[in-house]
Amino acid sequence: MKRTAVAAAVLGTLLGLPALAEVQPPQDVAYPGTISLKVDATDLAHRIFKVHEEVPVQAGPLTLLYPAWIPGHHSPTGPIDKVAGIKISAKGQAIPWERDQGNVYAFHLTVPQGVDSISVDFDFLSPQNPHQGRVVMTPEMLNLQWNTVALYPAGHFSRQIQVQPSVTIPEGWQLATALEQQDHSGNSYSFKAIDFENLVDSPIFAGSHYKRLDLAPGAKVPVHLNVFADKAKDLEVSDEALKIHQALIKQVYKVYGTQHYNHYDFLLALTDKLGGIGLEHHRSSENSAKENYFTEWDKSWLGRDLLAHEFNHSWNGKYRRPAGVWTPNYNEVKRDHGLWVYEGQTQYWGFVFSARSGLWSHDQAMDRMALLAATYDKGRPGMQWRNILDTTNDPTIAQRSPLPFRSYQMSEDYYSGGQLIWLAVDAKLRELSHDKHSLDDFGKAFFGVHPGAWDINTYEFEEVVKTLDGIEHYDWSDFLNSRLKGHVNLSQSMNDQGWKLVYDDKPSEATKAVEGRYKGTDFVYSLGFMAGKDGTLGDVLWDSPAFNAGLSPSMTILAVNGEQFDGDVLKDAVTKAKTDKAPIELLVKDFNQYKTVTIDYHGGLKYPHLVRIKGKKDYLSQVLKAR
């Protein structure tokens, strides 16, 4: 039998608990007073962040919220499971609290009469290993994200809640953040008061090995690259690498013509311990890379588009933001349908700015473009039933958890699929204008507005269409929707740019780099899988020769035609089968069972490349050329 609301309230009173209340919807009114938020981040042994808040209050019911919908995650991923030891008190007396029965991110309490400030204490128990979540504290560095270490009052827009933040870090360490420092004593730092929305948008990196690089020397608006490393030797930066990163800033400015920050700080961790990250903020970004990012420059190129991608987000995603993605606080549901612009066009610019600045050579960028095109030519059979717009729901559907058959299920394809849509837009703008206009013009008109503003400027689909139409008149709504909502081969964008996708038996430098990074061998466009060094299969391409022969993800190949598995042995077998027509015989392990699988495939090795289309304008080389 259900208890009535009255009975529940009476029981709560008898137990000394607050009567449960509805979570108040946020209002655009100032919260009275300033919250003091202190974080002790010195417990490296246990990886615990200890939190103390002083919250101005008024007597009566109060609901405190733990942030759930985290910007940049596009999903309700706030790590509430890592919060422990919550204690709320006033004047030395404990105040009972109760978690909301339907919303586990909400905590209800009643503030006693005569109390105008409460103390809130809790521990954030950060992951001990990657199986528990992203590791954010190691013996050499830490990543403090304010949304993980704060409870805030419901009923107000987050921008209307003022917070005075401070942090204590391990002795001898240094930190970097977009926050403006107010005081510093020993290893404790306090920062100027800031609204909660921008506090969450201003994380901290700290560590024992640190270097700060000026990426805009002499500029009125500073830009710095703050590098933290596991080892001091990984902080050695060549003049060439520094100049290339400085060129990145110049190339972005040449498109947008303005900035939407008063200073910008890249936070970059070179580590194999701290969890990987690429997360955008308005005046900073959280990034991580391999330890050899600077010290083995020629080997580390594959992921060097990360900084370009996250920097671009200051314009696209942070300043200009799809209306459904912005919410008044961190516990309102986001609607992510605009991510094909937010992330898709940023993915486009990440590649483009990497090429224009020299983070990638022209050939490296072309190799990456070929891999991108192949993904939507042969690598996404899921496009038969899903479309790109529907994948904008994936941050909530899957929350980046591993998938059994990603090629068929698809996952956040608004990134790369969106990138191909914007490549098609660029080609169409060039075609309509006889090569006088391009996506650069859209970037400046849509994102390069209101110099110096760093509030949030939202938009809807119709404004995207209107801006494109102002550059070149066309039925842009149909052009975009046919690709967003249709089941089309998005690799056609390369043809529009003047290049044709082909496959041959020679792996590109990008393919080799991917194999090196993931310690595997690429048979995706031949047999239909990527094989790990030990023969373990990742995603098996839906309806590929391997899939149709009965192979599935997580099986392990033990032998190839009677010979112990090795990537090169399987390559030789695929090459041989092209001419002798004998099937490829694999001994595989599936759980505790062993079986022989025969793949009747004779197409040889296949790797994607781009070649020029004769007689067609080469737009893509213009896209990638430095401005």
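This note covers helix packing, cavities and a pocket in a predicted model.

1. Basis. Local features need pLDDT of at least 70 and side-chain atom pairs count only at pLDDT 80 or more, while totals for chains, interfaces and linings use all residues. Residues are numbered from 1 along each chain as its sequence is written, and side-chain values use heavy atoms, without hydrogens and water.

2. α12 against α13. Helix α12 spans residues 461-471 and helix α13 spans residues 476-484. Helices are DSSP runs of H or I, at least four residues, numbered from the N terminus. The two axes come within 9 Å and cross at roughly 125°. Axes are lines fitted to C-alpha atoms, for helices over the stretch in contact, with angles from 0 to 180 degrees between N-to-C directions. α12 is therefore oblique to α13. Angles under 35 degrees count as roughly parallel, over 145 as roughly antiparallel, 65 to 115 as roughly perpendicular, and the rest as oblique. The crossing is right-handed (the near helix is turned clockwise from the far one by less than a right angle; anticlockwise would be left-handed).

3. Residues at that crossing. α12 contributes Phe461, Val464, Val465, Leu468 and Asp469. α13 contributes Trp476, Ser477, Leu480, Asn481 and Leu484. Contact means heavy atoms within 4.5 Å. By class, the set has 7 nonpolar, 2 polar and 1 charged. Ala, Val, Leu, Ile, Met, Phe, Trp, Tyr, Cys and Pro count as nonpolar, Asp, Glu, Lys and Arg as charged, and the others, Gly among them, as polar.

4. α10 against α12. Helix α10 covers residues 416-432. Its axis comes within 11 Å of that of α12, at a crossing angle of roughly 25°. The pair is therefore roughly parallel. This crossing is right-handed. Trp422, Val425 and Leu429 of α10 meet Val464, Leu468 and Ile471 of α12. The contact has 6 nonpolar residues, with no polar and no charged ones. Val464 and Leu468 also appear in the contact with α13.

5. Second largest pocket. This pocket holds about 270 Å³. A pocket is an open set of points on a 1 Å grid over the protein atoms alone, with protein on both sides within 12 Å along at least five of seven lines; a cavity is a set where a 1.4 Å probe fits but cannot get out; lining residues have an atom within 4 Å of a point. Points join across faces, edges and corners, and volume is the space filled by probe spheres set on them. The pocket has 16 lining residues, with His337, Gly338, Trp340, Glu460 and Phe461 nearest its centre. α5 (339-342), α12 and α13 each give two or more residues to the lining. The classes are 9 nonpolar, 4 polar and 3 charged.

6. Cavities. The whole structure has 2 cavities of 30 Å³ or more. The largest is about 70 Å³. Its lining includes Ile70, Pro71, Gln145, His281 and Lys318, and divides into 5 nonpolar, 3 polar and 4 charged residues. The second largest holds about 30 Å³. Pro71 lines this one too, with Gly72, His74, Arg321, Val325, Lys334 and Tyr342.
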